[in-house]
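Visitor: I am new to this structure and should like to learn how its features are read. May we go through them one at a time?

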Amino acid sequence: MHEFFAESATAGVVLSFLAYYVGLQINKRFKLAILNPLLIAMALVIVFLLAFDIDYETYNSSARYLSYLLTPATVSLAIPMYQKLELLKKEPAAIFCGILSGVLTSLLSILILSALFGLSHEQYVTLLPKSITTAIGMGVSEELGGMAVITTASIIITGIFGNIAADALWKLFHITEPIAKGISIGTAAHAFGTAKALEIGETEGAMSSLSIVVSGLCTVVLANIFAGFM
């Protein structure tokens, strides 16, 4: 099996798609937030690689084509935002302030927790872009001197948690406004959150798509400032 993956140009892609399909079917069957399709897919791929003693580099060499789709997939999120453009024009100040407050909350929480746990500067800047999409976050991390691989992992974990916990948090804080839902999940959980928002409604999806772009730009600017605080 190891040789097959090493020689195949698409085995990793097929494995990834099959794992996600299984995760999707499990999620539809049980309808539990914790059974996130992506989370299940990740677990299945890890188990498969361990079972057949396939190292990550070998798997990634035949699955790297999926990574090429990350940027165009992120850009395509502008479509629902464009469809709700008139709605965005009605309350631009409130929407921007909501996104900015989410960005500042993320950066401040990382600063405070890093100080409390005694993290190094490298570890601190690695976590600063945790709430923005990978396409932007990796570049921010590398520019600040962080570890891009760890940044990617933190972004994925943040996104999955946001996707799973969104419904419970909205109920806990009695958030029912579609715009508020979209902004909160898009700012906190980037593309993973937007996938959840699009499942709920067009307005939530549009607001979440906008939040990815604006929060990404704000984080690029503010992360450089916060990097000097520790």
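Guide: Let us begin with a single residue. Lys196 has a relative accessible area of 12% and therefore counts as buried. Please bear in mind throughout that the model is predicted.

Visitor: With which residue does Lys196 form a salt bridge?

Guide: The general idea comes before the case. Side chains of opposite charge can pair when their charged atoms come close. Here the partner of Lys196 is Asp167, and the closest N and O atoms of the two are 2.9 Å apart. Asp167 belongs to helix H12 (residues 148-172) and Lys196 to helix H13, so the salt bridge ties together parts that are 29 residues apart in sequence. Asp167 has a relative accessibility of 31% and so counts as partly exposed, whereas Lys196 is buried.

Visitor: How many salt bridges does the count give?

Guide: The count comes to 1 salt bridge.

Visitor: How should I read a nonpolar core?

Guide: In soluble globular proteins, nonpolar side chains tend to be buried together. In this model the largest nonpolar core has 25 residues, and Ile95 and Leu128 touch the most other members. The elements giving two or more residues to this core are H9, helix H10 (121-127), helix H11 (134-144), helix H13 (178-200) and helix H14 (202-226). With 8 residues, H14 gives the most to this core. There is also a second, separate core of 10 residues, whose members include Ala11, Val45, Ile54 and Tyr59.

Visitor: Which residues is Ile95 in contact with, leaving aside neighbours within four places in sequence?

Guide: Ile95 is in contact with Leu88, Ile179, Ile183, Met207 and Leu210, once those neighbours are left aside.

Visitor: Where is there a nonpolar patch on the surface?

Guide: Such a patch is formed by Leu104, Leu108, Ile112, Leu113, Leu116 and Phe117, which together have about 610 Å² of accessible area. Take Leu116 as an example: this residue lies in helix H9 (residues 92-116). Its relative accessibility is 65%, which means that Leu116 counts as exposed.

Visitor: How may the length of a helix be checked?

Guide: One compares its span with the span expected from its number of residues. Helix H2 (residues 11-30) has 20 residues and reaches 29 Å from its first C-alpha to its last, close to the 28 Å expected at 1.5 Å a residue. Buried residues in H2 are Ala11, Gly12, Val13, Leu15, Ser16, Ala19 and Gly23. Ala11 is also among the members of the second core.

Visitor: What is the sign of phi in the residue that follows H2?

Guide: A general point is needed first. Most residues other than glycine have a negative phi, and most peptide bonds are trans. Lys31, which follows H2, has a positive phi, near 55 degrees. Asp53 likewise is not a glycine and has a positive phi of about 55 degrees. Asp53 is found in the loop between helix H3 (37-51) and H4, and at 63% relative accessibility this residue counts as exposed.

Visitor: Is His190, in helix H13, buried or exposed?

Guide: His190 is buried, with a relative accessible area of 2%. Phi of His190 is positive too, near 40 degrees. Leaving aside neighbours within four places in sequence, His190 is in contact with Lys130, Ser131, Ile132, Thr133, Ile155, Gly159, Ile185, Ser208 and Ile212.

Visitor: How should I compare separation in sequence with separation in space?

Guide: One sets the two figures side by side for a chosen pair. His190 and Thr74 are 116 residues apart in sequence, and their C-alpha atoms are 9.5 Å apart in space. For Gln123 and Ile212 the figures are 89 residues in sequence and 24 Å from C-alpha to C-alpha. Ser61 and Phe96 are 35 residues apart along the chain, with their C-alpha atoms separated by 40 Å.

Visitor: Where does Ser209 lie, and which residues does it contact beyond its neighbours within four places in sequence?

Guide: Ser209 lies in helix H14. Its relative accessibility is 2%, so Ser209 counts as buried. Beyond those neighbours, Ser209 is in contact with Leu77, Pro80, Met81 and Thr194.

Terms used
Residues numbered from 1 in each chain as written. Predicted model: local features only at pLDDT ≥ 70, side-chain atom pairs only at ≥ 80, totals over all residues. Heavy atoms only, no water. Patch = residues over 30% accessible without salt bridge, like charges linked within 9 Å, V, L, I, M, F, W, Y side chains within 5 Å. Areas by Shrake-Rupley, 256 points an atom, 1.4 Å probe, with all protein chains shown as cover. Salt bridge = Lys/Arg side-chain N within 4 Å of Asp/Glu carboxyl O. Helix = DSSP H or I, 4+ residues; strand = E, 2+ residues; numbered from the N terminus. Buried < 20%, exposed > 50% of the residue type's maximum accessible area, 1.4 Å probe, protein only. Core = buried A, V, L, I, M, F, W, Y, C linked by side-chain atoms within 4.5 Å. Contact = heavy atoms within 4.5 Å. Expected span 1.5 Å × (residues − 1).
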